[in-house]
Amino acid sequence: MGEKNSATVEDYLETLYILQRDGVPIVGARLAEILGVTPPTVTNTLKRMTRDGLITANDIQGSLLTETGLEMARSVMRRHMLTEWLLMTVLKVPWSQIHSEAHNLEHTVSEMIEGQMRNNLGNPKTCPHGNPMPGFESFASSWFPLAEIGPGELVIIRRIHELGENDPDLMIFLEENGIIPGAQVEVLDTLPFNQTMTLKVKDHPVSIGFSIIKFIYVEKGPLI
């Protein structure tokens, strides 16, 4: 794998990987918003990453990971997701908090420990939030946005998108209301005028905004 990157570069690799995987044009302003830094900071970091052969740039899609950059990004994502599983299953850290805690620890995980975690955790295909591990993208290909579901339909929550995980308050809200992978919910109504959808979760109605449901991916239910 070569010389280890700084935590900052690994954060960029992780974000670039997510956006590139989803087919989202990668531009400086979007990266600055996601990473919580200024546009000039993004520009300078991307210049260094280009110099180091981690990304290339074009006028249509913005910055793209090179093969070297993609390999490194996949490693960062695996380390992050495996650390989430470790925190939740072994240390019993709440589901809503494992993302932020794993973000602090992922940069210290060696390749050896990554391999050990993968084997001991049963080589999971997703993270605890349902996002596919690198190499297992097809596992989540049949899941679709909750926004596409109409009233009266039953669905199973399968995935909370990585960009949603970055919001601690959102993750706490989802956990407290049982909107987590594996949960069966019914769409009660959708109200475009106030941008909300109401779900029935364990016989309780929960109203969530359109800004939230864009991060939630589901599979048609019911559970068997």
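In this predicted model, Arg 21 forms a salt bridge with Asp 22, and the closest N and O atoms of the pair are 2.9 Å apart. Arg 21 counts as partly exposed, at 23% relative accessibility. Asp 22 is likewise classed as partly exposed, with a relative accessible area of 35%. Side chains of opposite charge can pair when their charged atoms come close.

## The charged network around Arg 21

Arg 21 has a further partner in Glu 162: the two form a salt bridge whose closest N and O atoms are 2.8 Å apart. Glu 162 also meets the side chain of Arg 159 in a salt bridge, with an N to O distance of 3.7 Å. Salt bridges with shared partners thus join Arg 21, Asp 22, Arg 159 and Glu 162 into one network. Glu 162 counts as buried, at 4% relative accessibility, and Arg 159 is also buried, with a relative accessible area of 8%. The limit for the buried class is under 20% relative accessible area. Arg 21, at 23%, therefore counts as partly exposed.

The structure holds 11 salt bridges. Another of them is formed by the side chains of Arg 30 and Glu 33, at 3.2 Å from N to O. Both residues lie in helix H2, three residues apart, which is about one turn of the helix. Arg 30 is partly exposed, with a relative accessible area of 28%, whereas Glu 33 is exposed, with a relative accessible area of 59%.

The salt bridges described here are listed below.

| Salt bridge | Closest N to O distance |
|---|---|
| Arg 21 and Glu 162 | 2.8 Å |
| Arg 21 and Asp 22 | 2.9 Å |
| Arg 30 and Glu 33 | 3.2 Å |
| Arg 159 and Glu 162 | 3.7 Å |

## The two domains and their contact

The domain assignment divides the protein chain into domain 1, residues 1–129, and domain 2, residues 144–220. The contact between them takes 17 residues from domain 1 and 15 residues from domain 2. The C-alpha centres of the two domains lie 25 Å apart.

About 1,200 Å² of area is buried between domain 1 and domain 2, and carbon and sulfur atoms give 57% of this area. On the side of domain 1, the residues that lose the most area to domain 2 are Trp 95, Ser 96 and His 129; together they account for 49% of what that side buries.

Between domain 1 and domain 2 the count is one salt bridge. The pair of Arg 21 and Glu 162 is a salt bridge, and the assigned bounds of 1–129 for domain 1 and 144–220 for domain 2 place these two residues on opposite sides. The count of residue pairs in polar contact between the domains, both residues at pLDDT 80 or more, is eight.

Three elements give two or more residues to the side of domain 1 that touches domain 2: helix H1 (7–21), helix H2 (28–35) and helix H4 (67–89). H4 supplies the largest share of that side, with four residues. By class, the side of domain 1 that touches domain 2 has nine nonpolar, four polar and four charged residues.

## Ser 96 at the domain contact

Ser 96 is placed in the loop between H4 and helix H5 (98–105). Residues that Ser 96 touches, leaving aside those up to four places away in sequence, are Met 171, Ile 172 and Glu 175. With Glu 175, Ser 96 makes a polar contact from side chain to side chain, at 2.6 Å. Ser 96 has a relative accessible area of 9% and is therefore buried, the limit for that class being under 20%.

## Backbone features in two loops

Gln 195 and Lys 202 merit attention for their backbone angles. Gln 195 has a positive phi of about 60° although it is not a glycine. Gln 195 is found in the loop between strand E5 (184–191) and strand E6 (196–201), and at 44% relative accessibility it counts as partly exposed.

Lys 202 also has a positive phi, of about 50°, and is not a glycine. Its position is in the loop between E6 and strand E7 (204–209). At 68% relative accessibility, Lys 202 counts as exposed, because that class begins over 50%.

Note on methods:
Residues numbered from 1 in each chain as written. Predicted model: local features only at pLDDT ≥ 70, side-chain atom pairs only at ≥ 80, totals over all residues. Heavy atoms only, no water. Domains from an automatic or database assignment. Contact = heavy atoms within 4.5 Å. Buried area = accessible area lost by both parts, 1.4 Å probe. Salt bridge = Lys/Arg side-chain N within 4 Å of Asp/Glu carboxyl O. Polar contact = N/O pair within 3.5 Å; in protein donor to acceptor, adjacent residues only side chain to side chain. Nonpolar A, V, L, I, M, F, W, Y, C, P; charged D, E, K, R; others polar. Buried < 20%, exposed > 50% of the residue type's maximum accessible area, 1.4 Å probe, protein only.
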